Amino acid sequence: MRARESPAQPAPHAPSTRPLVLLTTEEGLSGEPGCLANSLVRGLADVDFVVWSLGAVPAVLRGRNLPGNVVRTISQPSWNDLAGEPPRGNGRATRRRSRPSPREVERTFVPLLRTFLETTIDPAGPGERLAAALLDLRDAFRRWEPGATWRSPGAWDVVRDHLLVRTPDAGRPDVDPDGDRAEAWSADELPTVGEAAQALRWLGRLLAPLTVEVPWADLVHATAAGCSAIPGILAKVERGTPLILSEHGVAPRDRYLALRSMGTPFHLKRFVGDVSGALARTTYRLADRMTPASRYSMRWELAYGAARGNIEVVPPGVDDERFRPVAVPRSERPTVVQIAPVDAEHDPETLLSVAEIVRREIPDVMFVHFGEVVDQSLWERVRRLRGERGLEETVRFAGPVADVPRALALGDVALVTSRSETLPPPVLEAATCAVAVVATDTGGVREALNGGGIVAPVGNAAALADAVAATLRISPEQRDRARLGAREQAVSRFGLRRFLDDYRAQYAALGIELAPAREPAGAATDEVIRVPEAEEVIAAEPTADAPAETADEAPADAEATLETDVEVPPADSETGPEDESAAADEGVRDDVTDERAGEPSAGGGRAAAEAAMVVDRWLDVWKRVPEPSPAAEEPAGAAADQPDVPGHPVEATAAADPEAAAPEKIGARDASVPGGGDEAASERPADLRSRLADPDPLVRAEALRDLNDPSATDAAGRAMADDAPQVRLEAARALGRLNGPRAGRLLTEALSADPSREVRIEAVDALAALLARRRPDRTGGSP
Amino acid sequence: MTEGVEELTLEVTAQAGRLAGAAEAASVLESMGIGDERAKTMGRANVFRLAAEVVEEQDRSPAALAGRARVEARLRSDRVAGHRAPGRAALRGAAIAVPVVASFAASTVLTASLWNDGPAGIERATAIGLAAATSLPVAAGFVLAMGAPGARGPGVHGTLRPALAGIVAAVVSGLALWAALSAKDLIAPSEVGVALGYFAMLSALWLAGGLAVAAGREWWVTIAFAGGTAVAVVLRLLVETSLATAQSAGILAAAAVALAVAVRTARGIRTLPRSRTNGSRTGRAGGPAPARVSVRAAVPVVLFGTAFAALVFVSQIATWYSQSPPHDWILSLRPDTQAGWTWALVAVLGAVAVVAASAQGFAGSVAAVADRTPLTAPGRMTPEIAAVRRRAIGWAILAAVAGAAASFVVVVAWMAASTSMADTVGRDTAFVFAIVGPGLILAALAAFDCAVLVTFRRPRAAVVGAVAGLAVAAAASVVLAKVAAGWTVAAGFDAGVVVCWALVGAGARRVLRAPDVALAGRG
């Protein structure tokens, strides 16, 4: 496991004004391999980087286009890479090392290793103590050849004793004097020699970063709180180098899921979990700043003891220049695209079930799956199931894809069936490419979609199928408008420029002053996935069956095209600051779908029905997203006649015309709306109060329906606590219409807490209308 | 504890077995689509609180205790089953033996004219024989190296890389042969080109065969050899081409088929993809190892294989030069003693196949035993592993005895049917057979112990044993060739093999005394 270094090294950081950042990445924990590293290195051209990768090398370091600001690279194998050799450290240091004698191992290394392992299981261990133990081990590996040290009998004794201490034998009364069942282990439950040997091997690989000298840097930027954070920990405690942690997933969580998918027995799982958990806790405690990619990840970090004050969510950046709507030859058949590897985590069997259900309603629907085969046995089972269900003409597996935007453009809907992911890249990419998204409610998906797509319970094929079918049912024109609305939101929330600006601010907070932001040059232009050769489409797939792997080779009957010259101005559709803080303070996510749609407890039928209902309501919301140019030119009163916006003319007009978003203009336009108008707007407060206090709920509801004055938001807010559901429903509508100062917060509370499903759904609608109104001015506003 | 938590605990247990803690429980719950919202509906503040209760419930509920015991037992049995070598031992042995038999048959058919035509082709036959003998150690080292851990990765690149190493080794050996032939008149100067050409072709054949075997296509190697033989026979007998042309065509055809099979298989094994997921990466098991890892793993195996192959040949070479005056028939060898060598090699072929098959499965057996042995009693591993070793040795000896008996019957029948065979096989043949046969059995056992050492990544004793054996065999053979009858030179081989077997066996036994430490020391 000797570290590989770039040919250019040693490349000492020349004394200059350019800051030097040590960026560490780790396969399996840093999100799509190197995604964040790629964006940062290419986007922050005025920063020099040393990139240290464990496992898959980030895309930025592959190929011949290594950016000039990468002054050095270090790469080491992943912790569970079985093909790797024991750690040996890097070049020059290795030559200075010697093979330790058994006596040296016994007297020096064994106590250090024992201390480290004890620290991992001591609740007070993570933090300074564990960091000190890591420093001691690092010093040991400066003297001795790591491979020989790990292979020594002394190291084996330590790991064996550690596992035995953790599993007191039921037959050893001295260890278990009280006979407490939970503390005693039967012979069948004890760890085995094989497991202990693997634990030792994995430990050597987990701590492999200790065998490489940590380069000097102005800042350490870790992208995972796993083994790759070790350099950051060492630099922090030894030199005081600031440490920033940007987790896409959550290291301990992802480690456990990886162990589960590997079929790891308990003792091994607990051993790796202990070490990983202790490393994560230590990283969380020592990091100066933490910027998780989602609030979902933040929850885990908080659960692992991170200080809330250090955490700020910085969503990942998607290159909206590359991921944008493109015109491709399209099939006339309604098409659903999925981009995911074939493995259990991404649940291709649910894809088949969804396809089977949707086909009953839409017989000519086509599902196209792009992705590599990771789990061969699962792949064979999926192919067999596809044949048994007669889905050969409906579901097609196209193998790996290089051009993701073009692959997404083949579909009317992008489907994500992942069982467990923190933030699936296809969700963000599809939204940015203006493709409608239907995804399972896992990790930060809801949070990422933020109403720009539909979520359904994990593994609930019926709910997913309802969502897909409902999305396919709407007219192409309506869908196109909805797609563009989703893209607008995605660009504003996940655009690369916003991402880089956020990190410039984070670096500045840690003393790394950078020049003002510039347009990223060719950011993330390197595709992470290689371009497959024509004959490399999944070998096991029948050639005649497989559709084209890239858009250029789309099915022959493809005719329809997507518009490529669509102008989508950057906009920010995020919830307003007050709503954001309110949601964060109360632990309520700001997604605006019906939370119960994500509950598997409701049972298949009920959950599906509820999901379908939410889908329908959401599709209504989408329909109201206006076409930018024609709507903007319409006369004010024409909006009321839009067939797509029954009962909600204001939202359409306001969204189409930013000028209309101003409260005074809203009032003016509402004057032409039947049921609204000058009479209601000019109603005296005393009359309003009396009507709202009327014992008849119909009168109260009627009063709310007539409300048009933003200053009456408080009255509508109070009405949200009314006992009558129809009054609360009208109050929610009024809040969405009035756009008052607390409307967002009140509606967010309602959609998560109101006992009436109808009210919650109305709150969804109203919140969407609110968001549409709060879009900034496209011409002069800043995002 | 609510009923909902009980049910949830059973579901989580079915998926994850015994939970390592609340964090694992939370990760499993979330992977089941159960988040904070569901936890709130169950009256818990969040999924972490719910997860903590699931862990407590798993320690408490009898149903969950039974469930997790079942899951853990299944996980362990899956691990043990995963160590099993593919295919049955007999089939693995046959897959190794048949290509060897096929190559023997091919050699017999292709050199039939030399046997029948007497001294007519002596110069060329000597050149061909020398080329074949030189190419074999290269091939032996290469094929053994292909079996070394980490030597080969998936995909075409994973195949090309060891192939490149083999080509480099063959070129170096070819240059050494050319230098030797230039420096000393071992063969007629006009036949140097022929010898080098044959060396290149045979090296290509062995390399291609090694790649195909490493790709798990042993039977295709058999087919390739049979096809090559058929091509040569057809060209020689029906088209009446020259012997060299027929042989060359046959060798190249066989090499082409084997190489095609290896490459085709390699293209079917895709490099494990870099997942586009957020993480949750499943375990990696078999990504291509870095070149230096392959080299590091292969060097001791190549050294052992080369020294071992040289050990087998050194006595035969000494036998060739023990004649006074030199025999003027095939390859300048004494046909009677050479027949004894050939007879012994054929007789122990079964034992070699058994040893090779056992060696292939040995690492898996050790891992399976380790996964069954409680950490509190690592000593239990020693008798189990020793039993595996004894079983392999027992079967190898049994196969050798059966091979000796069968080959004896065949030789007697052949002598009765063929006068030339009766003229060739004599008393010295029987002496050589009697001396070389046991030596070859010991050599096979030494090879098995080498596999044991390689399994535990302690190959040093194997290399030392092979080199020491080679030195002893060379010294003893040269002395015997000078002072004793030709057939006695075979005893030099035995002397070398005994030294090799003793050293390698001692190393293996030392490792097996503390197999847990050895297993951990594999790194």
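Buried residues make up 63% of the 783 residues in chain A, in what is a predicted model. Chain A contains 31 helices and 13 strands, and two residues, A:Ala434 and B:Arg457, are singled out below for a positive phi in a residue other than glycine.

**Chain A as a whole**

- Among the contacts in chain A with a separation of 6 or more, 75% are accounted for by residues 24 or more positions apart.
- The area that chain A exposes comes to about 28100 Å², and carbon and sulfur atoms supply 51% of that area.

**A:Ala434, in a loop of chain A**

- The loop that holds A:Ala434 runs between helix 15 (425-432) and strand 12 (436-440) of chain A.
- The phi of A:Ala434 is near 65 degrees, which is a positive value although the residue is not glycine.
- A:Ala434 has a relative accessibility of 3% and therefore counts as buried, because that term applies under 20% relative accessible area.

**B:Arg457, in a loop of chain B**

- B:Arg457 is found in the loop of chain B that lies between helix 18 (427-455) and helix 19 (460-483).
- For B:Arg457, phi is near 55 degrees, again a positive value in a residue other than glycine.
- With a relative accessible area of 38%, B:Arg457 is partly exposed, because this value falls between the cut-offs of 20% for buried and 50% for exposed.

**The two residues side by side**

- A:Ala434 is buried, whereas B:Arg457 is partly exposed.
- A:Ala434 sits between a helix and a strand, while B:Arg457 sits between two helices.

Key: Residues are numbered from 1 along each chain as its sequence is written. Chains are lettered from A and ligands numbered from 1 in the order in which they are written. This is a predicted model: local features need pLDDT of at least 70, side-chain atom pairs count only at pLDDT 80 or more; totals for chains, interfaces and linings use all residues. Side-chain values use heavy atoms; hydrogens and water are left out. Helices (H or I, at least four residues) and strands (E, at least two) are DSSP runs, numbered from the N terminus. Buried means under 20% relative accessible area, exposed over 50%, partly exposed in between (1.4 Å probe, protein chains only). Contact means heavy atoms within 4.5 Å. Accessible areas come from the Shrake-Rupley method with a 1.4 Å probe; for residues, only the protein chains shown count as cover.
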